[in-house]
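This report walks through one protein model and its ligand, beginning with the sheet and ending with the pocket. Please keep the sequence and the 3D view at hand while reading.

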Amino acid sequence: MPEAPMLEIRGLDAFYGEAQALRGVDLTVAEGEVVTLVGRNGAGKTTLLRSVMGLHRQVTGELLFEGRDIVRTPAHKRARAGLGWVQDDRGVYASLTVEENLLLPPVVSDRAWALDKVYEAFPVLADRRRAGGTTLSGGEQQMLAIARVLRTGARMLLLDEPTEGLAPVIVRQIGDIIRQVKESGGTVLLIEQNVKFAATVADRHYLLAQGSVVESLDNAEFSARQAELL
Ligand code: ATP
């Protein structure tokens, strides 16, 4: 029998008051996969990702993480269960140095990255380890935000547009990190508007429109149809 997916979503609806933002979303992510959510503005990508983390609570349906229904589980317990949220505003503590930011998160599993491993993967953070959070560029802050979640040992990373607004050289470095996370057995679900980038990092893609999944594509199909997708 094939192993159960790490994340399995069935018939998920989400609301903001009376307004329905997600409609019957079905989605799976297997352990070790990198999967993107793509779709136009307002399609429901952020609502879906926040619903997985428990940051959006007005939801109904099934949300199974490692076989357990977590749809009513509070966000802090989902974090302890191994879901790692990389904040869209990056959430870097300005009054702390880079290293202090990296030392802050509590460890939730034995997959936690040691500081040395982080500095090897993110040389820019090693160079800036004594620098204050406010002095970092947008790209450095994004790397710090990702590194901090890797430090916790989260088994599944949730990333909301990690490349948004960043220079191509930084985008490439973030791609390298995501591939490295996958190579070390990690699992990633990310929102990505940059379809070219999405095709370089992911195994599969879900296309959302008006709150529903309209297509599920493997990376070969996605790459072939990139131009028409968004
Ligand atoms: P974007 O890329 O613009 O963030 P998205 O695909 O992530 O788009 P969502 O932000 O999840 O889409 O929005 C889905 C729907 O929910 C949209 O119709 C949006 O207007 C609505 N919505 C999002 N946030 C709220 C909110 N706080 N209150 C009311 N409606 C909201």
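Two strands are said to pair if DSSP finds at least two bridges between them, and the helices (H or I, at least four residues) and strands (E, at least two) are DSSP runs numbered from the N terminus. The model is predicted, so that local features need pLDDT of at least 70 and side-chain atom pairs count only at pLDDT 80 or more, while totals for chains, interfaces and linings use all residues. Residues are numbered from 1 along each chain as its sequence is written, and side-chain values use heavy atoms, with hydrogens and water left out.

**The sheet.** Four strands make up an open sheet in the order S2-S1-S4-S5, with antiparallel pairing. Its edges are strand S2 (19-29) and strand S5 (68-69), each of which pairs on one side only. Strand S1 (residues 7-16) runs antiparallel to S2 and is joined to it by seven bridges; Leu7 has Val29 of S2 as its bridge partner, and Glu8 stands opposite Thr28 in S2. S1 and S2 form a hairpin with two residues between them, and in the turn Gly17 has a positive phi of about 60°.

**The ligand.** Residues count as near the ligand if one of their heavy atoms lies within 4 Å of it, and those that surround it include Tyr16, Ala21, Arg40, Lys45 and Thr46. By class, this shell holds three nonpolar residues (Ala, Val, Leu, Ile, Met, Phe, Trp, Tyr, Cys and Pro), two charged (Asp, Glu, Lys and Arg) and five polar (the others, Gly among them). Helix H1 (residues 45-53) gives the most to the shell, with three residues. The table gives polar contacts of the ligand, a polar contact being a pair of N or O atoms within 3.5 Å.

| Ligand atom | Protein partner | Distance |
|---|---|---|
| nitrogen | Tyr16, side-chain N or O atom | 3.5 Å |
| oxygen | Ala43, polar backbone atom | 3.1 Å |
| oxygen | Thr47, side-chain N or O atom | 2.5 Å |

Taken alone, the ligand exposes 630 Å², of which the protein buries 55%, with accessible areas coming from the Shrake-Rupley method with a 1.4 Å probe.

**The pocket.** On a 1 Å grid over the protein atoms alone, a pocket is an open set of points where a 1.4 Å probe fits, with protein on both sides within 12 Å along at least five of seven lines, and lining residues have an atom within 4 Å of a point. The largest pocket has a volume of about 550 Å³, a volume being the space filled by probe spheres set on the points. Among the 23 residues that line this pocket, Trp85, Pro105, Pro106, Val149 and Thr152 are the closest to its centre.

Key:
A polar contact is a pair of N or O atoms within 3.5 Å; within protein, one must be able to donate a hydrogen and the other to accept it, and residues adjacent in sequence count only if both atoms are side-chain atoms.
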